[in-house]
Amino acid sequence: MRTANYTDFRANLKDYMDTVIDDCETVIINRGNNKGVVMISLEEYNSLKETEYIMSSPEMMEVIRKGDEDIKNGNGSKIEIEDLWK
């Protein structure tokens, strides 16, 4: 995780954006008075939103818990990854 003040961030915007995208780095931009913003890649943002969506569904969380329990109890099935797209 990188941090920058507003002036440095503005002067080096391209470098910070490249770091976020190319290195999956999070950048915190401090604006003073305990205020700031966080820059993450679009890929990371979409991943967070998908996780938030899944976790907001009690039904989906129950399916995940049941699957986890089944695996722990040896009731899972082994599949080949290629079979997921058939």
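**View 1. Ile79 and its nonpolar neighbours at the surface.** In this predicted model, Ile79 is exposed, with a relative accessible area of 51%. To find Ile79, look in the segment after helix H4 (58-72). Together with Ile81, Leu84 and Trp85, Ile79 makes a nonpolar surface patch of about 490 Å².

**View 2. The two sides of helix H2.** Helix H2 spans residues 13-22, and Tyr16, Thr19 and Val20 are buried there. They cover an arc of only 95° around the axis, so they sit on the same side of H2. The buried residues of H2 pack against strand S1 (2-5), helix H1 (6-11), strand S2 (27-32) and S3. Turn to the face directed away from this buried side, and you meet the exposed residues Lys14, Ile21 and Asp22. Cys24, which follows H2, has a positive phi, near 50°.

**View 3. A closer look at Thr19.** Thr19 belongs to helix H2 and is buried, with a relative accessible area of 12%. A polar atom of the Thr19 side chain lies 3.0 Å from the backbone oxygen of Asp15. Setting aside neighbours within four places in sequence, Thr19 is in contact with Arg2, Cys24 and Glu25.

**View 4. Lys14 and Asp18, a salt bridge within H2.** Side chains of opposite charge can pair when their charged atoms come close. Here Lys14 and Asp18 form a salt bridge, and their closest N and O atoms are 2.6 Å apart. Both residues lie in helix H2, four residues apart, which is about one turn of the helix. Lys14 is exposed at 57% relative accessible area, while Asp18 is partly exposed at 29%.

**View 5. Salt bridges in helices H3 and H4.** The structure holds four salt bridges, and this view shows one in H3 and one in H4. Glu52 pairs with Lys49, with the closest N and O atoms 2.7 Å apart. These two residues are three apart in helix H3, so about one helical turn separates them. Glu52 is partly exposed, at 45% relative accessibility, and Lys49 is partly exposed too, at 37%. In helix H4, the side chains of Lys72 and Asp68 meet in a salt bridge of 3.3 Å, N to O. Lys72 is exposed, with a relative accessible area of 66%, whereas Asp68 counts as partly exposed at 39%.

**View 6. Ser41 in a loop.** Ser41 sits in the loop between strand S3 (35-39) and helix H3 (42-55). Ser41 is buried, with a relative accessible area of 14%. A polar atom of the Ser41 side chain lies 3.1 Å from the backbone nitrogen of Glu44.

Notes:
Residues numbered from 1 in each chain as written. Predicted model: local features only at pLDDT ≥ 70, side-chain atom pairs only at ≥ 80, totals over all residues. Heavy atoms only, no water. Buried < 20%, exposed > 50% of the residue type's maximum accessible area, 1.4 Å probe, protein only. Polar contact = N/O pair within 3.5 Å; in protein donor to acceptor, adjacent residues only side chain to side chain. Arc of directions from axis to C-beta. Contact = heavy atoms within 4.5 Å. Patch = residues over 30% accessible without salt bridge, like charges linked within 9 Å, V, L, I, M, F, W, Y side chains within 5 Å. Areas by Shrake-Rupley, 256 points an atom, 1.4 Å probe, with all protein chains shown as cover.
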